[in-house]
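Colleague: I would like to go through this model with a few questions. Please reason briefly and end each reply on what was asked for.

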Amino acid sequence: VTPPLLLRLPNEADNTEGYALLREEASVHQVMLPEGLPVWLVTRYEDVKAGLRDERLAVDPQLLSSPVHKFGGRRIPEDTLTSSGRHMLNTDGPEHRRLRALVNAEMSSGSVIRWRAGIERMVHEHLDRLEELGRHAGDQPVNLMPGFVNPLPADIIGMVIGIDPGQRPTAARLVRNLLSGGDTASPEMIDWYHELIDLIVATIERKRANPGDDLISLLVSKPEQIGVRDLLSTITALLVGGPPTTATTMAYGTIVLSRRPDLLERTLADEAEVAATVEELLRHHPPFPFATWRFTTEDVELGGVTIPKDATVLLSLAAANRDPRAYADADAVCPHRENEPTHLAFGSGVHRCVGAWLARLELTVTLPALFRRFPRLSLAVPADELVWTRVVFDRRLESLPVWLHGRPR
Ligand code: HEM
């Protein structure tokens, strides 16, 4: 039987309609990705959550006994960095626990608070720059992606990790290039990768000599010796994993709040409301529509279907988060779903997002600050004309044109 072809990766519209159709037909489908890769797609909340928490679904492609896929060491065409080195995103079991433990405690809700003042300062600096951009643009709209949403989380992760302020734009540019979906074996990709590694190595050397309140300083000061390889791959995973996803929720939050004055007013009321809105934005539009690839290390039954050993599984966080079996009025943005299950935008189980508390902190500081500075901010194009990229693992917005002070008359 030829599996149905998943021609288009889901965009915002498919997130509602395309997935609803699939999800209602069956929880588990065999589909062919446009690259010609056959995968098992899981769509219902309970099964996606069970899959995330099932360690027979491994993330390490090296565990595949027969590498039937033409990954060539990579897992997907745009997967540049998850296959470089050993780190949280591509290891399982004890190796994963060891690597995750290097930074886990530092990324807890209690620990990330120490970066709050720094984040607030950066948000205001970036808002000042945005205001300046707006002045230059005159009566033209401003593109919020390059103007605010992309550089801010990249700057914040640079501070958290310990990259010098002068080097942060370079690090951000290299990460952006490496995630651009180009051929990972091309000479320019290899050059960018080496440039990024050189930048991190130089940062590690500086922090050894001159430690601060950042992750690299902390890691190099640990009494148990951390090898340079683990250090490099862990720092790279954080640098790559964090900014694009956080930027997507910043952009999505801006779109939703600019069109929902009732929600904006409630969100600005107090911190608890901001937190509730951020959780709901993440549920409604998870930046990673899928968890990272899973590989079955044995036959696994999921949603009444036996997925054979050595299969590739895509767990759809986007479909699960809109499952009416889990959420009432699942397609509506409706904060305060305390009596409903936790959304899966950050995953679940041992691989759940290590940066989740940092991301929440960034979003709860940034979204109210943006709308307090520009209370009349509005989209300069209809929301359904915004273009989302079709990279498998993180959906990003190409451009977000806004009127900072409302549409000129
Ligand atoms: C809104 C923002 C974010 C979202 C929606 C998000 C989403 C996710 C998801 C879904 C996973 C689990 C993947 C899986 O199980 O296959 C994950 C893991 C991870 N995330 Fe995030 N993430 C965000 C922000 C961040 C930030 C800011 C950082 C870095 C500081 C980060 C670093 C990581 C790392 C290193 C992992 C791997 C954890 C592990 O496998 O143990 N993420 N993220």
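Colleague: In which loop does Ser348 lie?
Modeller: The model is a predicted one. In it, Ser348 belongs to no helix but to a loop. That loop is the one between α15 (317–321) and α16.

Colleague: Is Ser348 buried or exposed?
Modeller: The relative accessible area of Ser348 is 7%. Buried means under 20%. Ser348 is therefore buried.

Colleague: With which side chain does the side chain of Ser348 make a polar contact?
Modeller: Leaving out residues up to four places away in sequence, Ser348 touches Lys49, Leu52 and Arg53. The polar contact between side chains has a distance of 2.7 Å. The partner of Ser348 in it is Arg53.

Colleague: How is the aromatic pair of Tyr45 and Tyr327 arranged, stacked or edge-to-face?
Modeller: One aromatic pair is found in a search of the whole structure. In the pair of Tyr45 and Tyr327, the centres are 5.8 Å apart and the planes make an angle of 85°. Planes over 60 degrees apart count as edge-to-face. The arrangement of Tyr45 and Tyr327 is therefore edge-to-face.

Colleague: How many residues apart in sequence are the parts that this pair ties together?
Modeller: Both Tyr45 and Tyr327 are buried. Tyr45 is in helix α2 (residues 45–52), and Tyr327 is in the loop between α15 and α16, so the pair ties together parts whose separation in sequence is 282 residues.

Colleague: Which helix gives the most to the lining of the largest pocket?
Modeller: The largest pocket has a volume of about 680 Å³ and is lined by 29 residues, with Asn150, Pro151, Ala154, Ala172 and Arg176 nearest its centre. At least two lining residues come from each of α5 (116–137), α6 (144–149), α7 (151–161), α8 (168–178) and α12 (243–259). The one that gives the most, with six residues, is α8.

Colleague: How many residues of that lining are nonpolar?
Modeller: The lining of the largest pocket divides into three classes. Six of its residues are polar and six are charged. The nonpolar residues number 17.

Colleague: And which helix gives the most to the lining of the second largest pocket?
Modeller: The second largest pocket holds about 510 Å³ of space, and of its 25 lining residues Ala275, Ala276, Val278, Glu279 and Arg360 are the closest to its centre. Two or more lining residues come from each of α4 (109–112), α14 (271–284) and α16 (356–373). With eight residues, the one giving the most is α14.

Colleague: How many charged residues does the lining of the second largest pocket have?
Modeller: By class, eleven residues of this lining are nonpolar and five are polar. The charged residues number nine.

Key
Residues are numbered from 1 along each chain as its sequence is written. This is a predicted model: local features need pLDDT of at least 70, side-chain atom pairs count only at pLDDT 80 or more; totals for chains, interfaces and linings use all residues. Side-chain values use heavy atoms; hydrogens and water are left out. On a 1 Å grid over the protein atoms alone, a cavity is a set of points where a 1.4 Å probe fits but cannot get out, and a pocket is an open set with protein on both sides within 12 Å along at least five of seven lines; lining residues have an atom within 4 Å of a point. Grid points are joined across faces, edges and corners, and a volume is the space filled by probe spheres set on the points. Helices (H or I, at least four residues) and strands (E, at least two) are DSSP runs, numbered from the N terminus. Ala, Val, Leu, Ile, Met, Phe, Trp, Tyr, Cys and Pro count as nonpolar, Asp, Glu, Lys and Arg as charged, and the others, Gly among them, as polar. Buried means under 20% relative accessible area, exposed over 50%, partly exposed in between (1.4 Å probe, protein chains only). A polar contact is a pair of N or O atoms within 3.5 Å; within protein, one must be able to donate a hydrogen and the other to accept it, and residues adjacent in sequence count only if both atoms are side-chain atoms. Contact means heavy atoms within 4.5 Å. Rings of Phe, Tyr and Trp (its six-membered ring) pair if their centres lie within 6.5 Å; planes under 30 degrees apart count as stacked, over 60 as edge-to-face and the rest as tilted.
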